[in-house]
Amino acid sequence: VSSHDRVGHGQAELSGNTYIIGGIVSGSAYSTSVEIFNGTSWSSGTGLTTAKAYFGCSVYNSTIYAIGGLVSGGLSTTGVAISTGSSWSSSTSLGTSRGECVAATLGNYLYAIGGYSTGPTTYLSTVERFNGTSWTTTTSMNIARATPSIAVLGGYIYVIGGYNSTNLYLRTAERFDGVNWTFIPPLNYPRYGASALGILND
C-alpha cells in the first residue's frame, strides 16, 4: 500500500516501474514525495525539488516530465521537472503557466495541453509542444479544458471531459493527430479529474 493518501499527483511508467509523483497529501500539503511500485511492493524515490500538484505528466525520450501544475498557494507554474528514475532536475520552462493541465507524448513531441493560467478563471485551449530543446505553440483544442482525461491510442491524443468557466463540467471529447483537433462522440455524463487508458485490440 502506498504510504501517503494523495490527490492531484502525477503517474508515469518507466523501466517497468510505476512512479507516483507529488500531489497534495494529508488533505492540504503540497508534496515533493515520490513512490515507486515495481509490480510487487512500494518504495520511496527521490523527491521533486519543488512541491506541486495537478500537473501534466508523461514519459518522453526515456525521461519522466512533470509539467506545469500548481505550487504552494495554488498558483499555476511554467516549471518543468525531469527525471530518468533517480534524481530530479529542471528542464526548459513552458511559455504559459498551466495549472491542472495534461500531457502526452506523440511521435517526436511532448505536448502540454489545456489547464488554466493566472488562477482558475483563465481556462486554456492552447497547446505547447516540446522537441527536446524548446517549447512552441501548436494547434489549440476546440474547447478550453482543465483536468480532462488524456490517453494516446492509434496515433492520436485523446482529451476527454474536464471543466471550464463557460461549460462547467464537460461531456465533450476531442482527438489530435499532431496537426488538427477533431471532436469525437461525447461522454454520456460530464466528468473531470477522471482517468483514461488506450488499449489496442490484438
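This short report walks through the strands and nonpolar cores of a predicted model.

## A small open sheet

Let's start with an open sheet of 3 strands, which has the order 1-4-5 and antiparallel pairing. Strand 1 (6-7) and strand 5 (29-30) are at the edges with a single partner strand each, so one side of each has no neighbour in the sheet.

Look now at how strand 1 meets strand 4 (residues 24-25): the two run antiparallel and are joined by 2 bridges. Here you can find valine 7 opposite isoleucine 24.

## Strands 3, 6 and 7

Next, follow strand 6 (residues 34-37). Strand 3 (residues 17-21) runs antiparallel to strand 6, and 4 bridges join them. In this pair, isoleucine 20 stands opposite glutamate 35.

Strand 6 also pairs with strand 7 (residues 42-45), in the antiparallel sense and over 4 bridges, with isoleucine 36 opposite serine 43. These two strands form a hairpin with 4 residues between them, and glycine 39 in the turn has a positive phi of about 100°.

## Two nonpolar cores

In soluble globular proteins, nonpolar side chains tend to be buried together. In this model, the largest nonpolar core has 13 residues, and those touching the most other members are Tyr19, Ile21, Val34, Cys57, Ile64 and Trp88. At least two residues of this core come from each of strand 2 (10-14), strand 3, strand 6 and strand 9 (63-67).

What is isoleucine 64 in contact with, leaving aside its neighbours within four places in sequence? Its contacts include Ala12, Leu14, Tyr19, Ile21, Cys57, Ala81 and Trp88.

Apart from the largest core lies another one, of 12 residues, including Ala104, Tyr111, Met141 and Ile157.

Methods. Residues numbered from 1 in each chain as written. Predicted model: local features only at pLDDT ≥ 70, side-chain atom pairs only at ≥ 80, totals over all residues. Heavy atoms only, no water. Pairing = 2+ DSSP bridges. Core = buried A, V, L, I, M, F, W, Y, C linked by side-chain atoms within 4.5 Å. Buried < 20%, exposed > 50% of the residue type's maximum accessible area, 1.4 Å probe, protein only. Contact = heavy atoms within 4.5 Å.
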